[in-house]
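Got your viewer open? Let's walk through this one stop by stop, selecting as we go.

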Amino acid sequence: MQYVRLEKISRPVSRLLFGCAYPGMVAGEDQTALLDQAFEAGITAIDTAENYGKSELILGEWMAARKNREQLTILTKGCHPYGHPRVTPEDLRHDFHQSLERLRTDYVDVYMLHRDDPQKDVGPIMETLNEFVRAGKTLRIGASNWTLARVREANDYAHAHGLEPFSVISPNYALARQVGDPWGGCTSLSGDEHAADRAWCAREGITVVAYASLAHGFLSGKFRSSEPERLEASLDEGGRRGYFCPENLERLRRAEHMAAQKGCTVAQIALAYVLTDPLGILPAISATKQRHLQANIAALDIALTEEERAWLDLRA
């Protein structure tokens with residue numbers, strides 16, 4: 001079955017999602033100006049989650065004030081582990097209805113499971129998610145940080161039982177390789193080792209929403225590849241574990257070189273790398289300032305050739 005890609009079910013002029021996993025949103029600070037700017041620029045798909053602090057509450061208040069819910073594509077996630085796996089029908093129902101209440105909406109466009117519990121059978125999970133689909137409370141369902149083997153298992157069950165399958169996934173995808181597990185249970189779709197996985201997503205019409213496309217700050221350009229000690233110190237523990245390695249430092253060096261040639265920033269090159277993947281990957285970006293948001297939007301105008309992408313990725 002083929003699905004309409006996520007960007008086609010909202011009205012964006014870009015393929016960027018507004019990501020809510022940043023300190024201001026999590027802390028519940030007023031984000032009206034930033035949300036307004038993103039909306040006015042055409043970013044109408046928003047990525048949030050039950051465990052992103054107060055972000056759902058802030059987003060719900062903003063949508064209610066602006067009366068723009070029907071112009072938005074809202075993606076939220078539940079069943080994040082809090083010291084133990086929480087992928088059960090009971091946890092799923094709790095988190096889902098809590099998200100609807102926080103967001104002040106009676107449906108979400110996409111509902112995803114934030115983590116997997118491989119010990120759990122996929123049947124009850126897919127049956128519970130499909131309760132929400134049948135009730136019109138979510139249009140599509142998906143999985144964040146599930147292995148593709150488990151996604152395929154879940155979709156095989158769905159097809160065999162006449163259910164809605166997963167049609168959206170959210171792994172890490174970035175120019176910098178995920179060399180370690182940053183936050184526990186994280187998956188990646190980057191690199192030659194996942195070429196077959198990306199091809200499967202293309203065949204199945206799976207929409208890929210990428211997180212950490214700047215490698216949790218590694219590709220932000222704040223610190224240069226010639227300053228590895230300062231760069232390493234700037235990353236949190238997950239960022240160091242996930243991305244700090246000699247190969248990624250070389251990718252950063254090449255992104256710096258290309259940014260200088262093209263007259264743009266390292267972060268824009270890193271985003272352009274994701275945006276020019278043939279799969280049509282949609283990065284969720286978290287900008288804490290309006291100028292950062294505008295800079296991220298400008299990355300849409302940077303066209304990288306396959307040769308340039310291969311050079312950045314150490315394949316040439």
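Start with the strands: β1-β2-β3-β4-β5-β6-β7-β8 make a closed barrel of 8 strands with parallel pairing. Two strands pair if DSSP finds at least two bridges between them, and the strands themselves are DSSP runs (E, at least two residues), just as helices are runs of H or I with at least four, all numbered from the N terminus. From one strand to the next, the twist averages 30°.

A word on what you're looking at: this is a predicted model, where local features need pLDDT of at least 70, side-chain atom pairs count only at pLDDT 80 or more, and totals for chains, interfaces and linings use all residues. Residues are numbered from 1 along each chain as its sequence is written, and side-chain values use heavy atoms, with hydrogens and water left out.

**Stop 1: β1 and its rings.** Select residues 17-19, strand β1, which runs parallel to β2 (residues 45-47) and is joined to β2 by 2 bridges. Now pick F18, which stands opposite I46 in β2. F18 is buried at 1% relative accessibility (buried means under 20% relative accessible area, exposed over 50%, partly exposed in between, with a 1.4 Å probe and protein chains only). Add Y22: the rings of F18 and Y22 form an edge-to-face pair, 6.1 Å centre to centre with 75° between the planes. Rings of Phe, Tyr and Trp (its six-membered ring) pair if their centres lie within 6.5 Å, and planes under 30 degrees apart count as stacked, over 60 as edge-to-face, the rest as tilted. Y22 is buried too, with a relative accessible area of 4%.

**Stop 2: a stacked pair.** Select F96 and F132, whose ring centres are 3.9 Å apart with planes at 5°, so they're stacked. F96 sits in helix α4 (residues 89-103) and F132 in α5, so the pair ties together parts 36 residues apart in sequence. Show Y111 as well: ring pairs link F96, Y111 and F132 into a cluster.

**Stop 3: α5 and α6.** Helix α5 (residues 122-134) lies across β4 (108-113), β5 (138-144) and β6 (166-170), at about 150° to β5. That angle is taken between N-to-C directions on a scale from 0 to 180 degrees, with axes as lines fitted to C-alpha atoms, for helices over the stretch in contact. Next, select α6: its buried residues include L148, V151 and Y157. The buried residues of α6 pack against α5, β5, β6 and α7 (195-204), contact meaning heavy atoms within 4.5 Å. Just after α6 comes G162, with a positive phi near 65°.

**Stop 4: salt bridges.** How many salt bridges does a search of the whole structure find? The count is 22, a salt bridge being a side-chain nitrogen of Lys or Arg within 4 Å of a carboxyl oxygen of Asp or Glu. Select R66 and D36, bridged at 2.7 Å, N to O. This pair links distant parts of the chain, with R66 in helix α3 (residues 55-66) and D36 in helix α2 (residues 32-41), 30 residues apart. R66 is partly exposed at 40%, while D36 is buried at 16%.

Finish at E306 and R309, a salt bridge with the closest N and O atoms 3.6 Å apart. Both lie in helix α13 (residues 306-312), 3 residues apart, about one turn of the helix. E306 is partly exposed at 39%, whereas R309 is buried at 3%. Light up R177, R251, D277, D313 and R315 along with E306 and R309: salt bridges that share partners join them into one network.
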